[in-house]
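Here is a walk through one protein chain, written for someone who would rather be at the bench. Have the structure open and follow along.

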Amino acid sequence: MNKVGKLSVVAAAAAATILVTGSSAYADASSSVAGSWSRFISYGDKFENCDTAEDGLISYVAYEYVRIDGSLQTGSHYNPGSNGDCSQWDHNFGEGRTVRFRSCVDQPAWFADTCDKWRTGVA
């Protein structure tokens with residue numbers, strides 16, 4: 001096999017490796033409940049939340065992450081928009097670490113917030 005042929009084989013193998021590993025390494029996870037849709041985007045460690053109802057309520061994403069020292073980081077990102085609006089927030093979680101999150105709708109004070117079950121993503 002000549003040099004060009006060998007380089008073509010090597011390039012094709014490298015491209016196939018990138019495609020195979022890239023697609024599994026950046027798998028997203030999502031969560032939804034009536035009025036709110038959220039996802040964790042592993043590439044860039046981002047959360048996205050979309051308000052999906054014309055109900056005047058605020059949608060948000062709640063998350064949990066265990067830091068390398070064992071402490072628990074928790075938080076929520078509230079979507080400032082209304083029906084059809086989406087917002088994103090960046091994080092810098094440790095690579096390969098588990099992130100739990102769920103999509104929620106902020107209810108009036110006398111009701112419990114409506115939330116999906118906890119979902120899992122990998123940073």
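## A tryptophan, a core and a wobbly start

Start with W37: setting aside neighbours up to four places away in sequence, this residue is in contact with S30, S31, S32, E48, N49, C50, T52 and S103. W37 sits in strand β2, residues 36-41. Is W37 buried, exposed or partly exposed? With a relative accessible area of 29%, W37 is partly exposed, because buried would mean under 20% and exposed over 50%. One of those partners, N49, is 12 residues away from W37 in sequence, and the two C-alpha atoms are 5.7 Å apart in space.

**How far to trust it**

A word of caution: this is a predicted model. The mean pLDDT of the chain is 83, and 78% of the residues reach 70 or more. Which elements mark the two ends of the confidence range? Helix α1 (residues 3-25) has the lowest mean pLDDT of the elements, at 37, while strand β8 (residues 114-115) has the highest, at 98. Over residues 3-25 the pLDDT is below 50, and that stretch has four contacts in the model beyond near neighbours in sequence.

**The overall layout**

Counting up the secondary structure gives one helix and nine strands. Along the sequence, the order reads α-β-β-β-β-β-β-β-β-β. Of the 123 residues in the chain, 32% are buried. Among contacts with a separation of 6 or more, 53% are between residues 24 or more positions apart. The chain exposes about 7500 Å², with carbon and sulfur atoms supplying 56% of that area.

**The nonpolar core**

In soluble globular proteins, nonpolar side chains tend to be buried together. Here, the largest nonpolar core has 11 residues: A29, F40, F47, V61, Y63, Y65, W89, F93, V99, F101 and A123. Strands β4 and β7 each supply at least two residues of this core, and β4 gives the most, with three.

**Rings around F47**

Now for the aromatics. The model has 10 aromatic pairs. Ring pairs tie F40, F47, Y63, Y65, F93 and F101 into a cluster. A pair of aromatic rings is described by the distance of the centres and the angle of the planes. Two pairs that share F47 are set side by side here:

| Pair | Centre to centre | Angle between planes | Geometry |
|---|---|---|---|
| F47 and Y63 | 5.1 Å | 25° | stacked |
| F47 and F93 | 6.2 Å | 75° | edge-to-face |

Why does the F47 and F93 pair count as edge-to-face? The planes are at 75°, and over 60 degrees is edge-to-face, so the pair gets that label.

Both pairs reach across the chain. F47 lies in strand β3 (residues 46-51) and Y63 in strand β4 (residues 58-66), 16 residues apart. F93 is found in the loop between β6 (86-90) and β7 (98-106), 46 residues from F47.

As for cover, F47 has a relative accessible area of 0% and is buried. Y63 also counts as buried, at 7% relative accessibility, and F93 is buried too. Beyond residues up to four places away in sequence, F47 touches R39, F40, V61, Y63, H77, S87, Q88, W89, H91, F93, V99 and F101.

**A buried asparagine**

N79 is worth a click as well. N79 is in the loop between β5 (72-78) and β6. Is N79 buried or exposed? At 2% relative accessibility, N79 counts as buried. What do the polar atoms of the N79 side chain lie beside? One polar side-chain atom of N79 lies 3.1 Å from the backbone oxygen of N49, and the backbone oxygen of D85 lies 2.9 Å from a polar atom of the N79 side chain. Apart from neighbours within four places in sequence, N79 is in contact with N49, C50, D51, I58, S59, Y60, D85, C86, S87 and W89.

**The tail end**

Finally, A123 lies in the segment after β9 (119-122). A123 is buried, with a relative accessible area of 8%, and is one of the residues in the largest nonpolar core. Leaving out residues up to four places away in sequence, A123 touches F40, D45, F93, G94, E95, G96, R97 and V99. D28 and A123 are 95 residues apart in sequence, yet 9.5 Å apart in space, C-alpha to C-alpha.

Key
Residues numbered from 1 in each chain as written. Predicted model: local features only at pLDDT ≥ 70, side-chain atom pairs only at ≥ 80, totals over all residues. Heavy atoms only, no water. pLDDT = per-residue confidence, 0-100. Helix = DSSP H or I, 4+ residues; strand = E, 2+ residues; numbered from the N terminus. Contact = heavy atoms within 4.5 Å. Phe/Tyr/Trp six-rings, centres within 6.5 Å; stacked < 30°, edge-to-face > 60°. Buried < 20%, exposed > 50% of the residue type's maximum accessible area, 1.4 Å probe, protein only. Core = buried A, V, L, I, M, F, W, Y, C linked by side-chain atoms within 4.5 Å. Areas by Shrake-Rupley, 256 points an atom, 1.4 Å probe, with all protein chains shown as cover. Polar contact = N/O pair within 3.5 Å; in protein donor to acceptor, adjacent residues only side chain to side chain.
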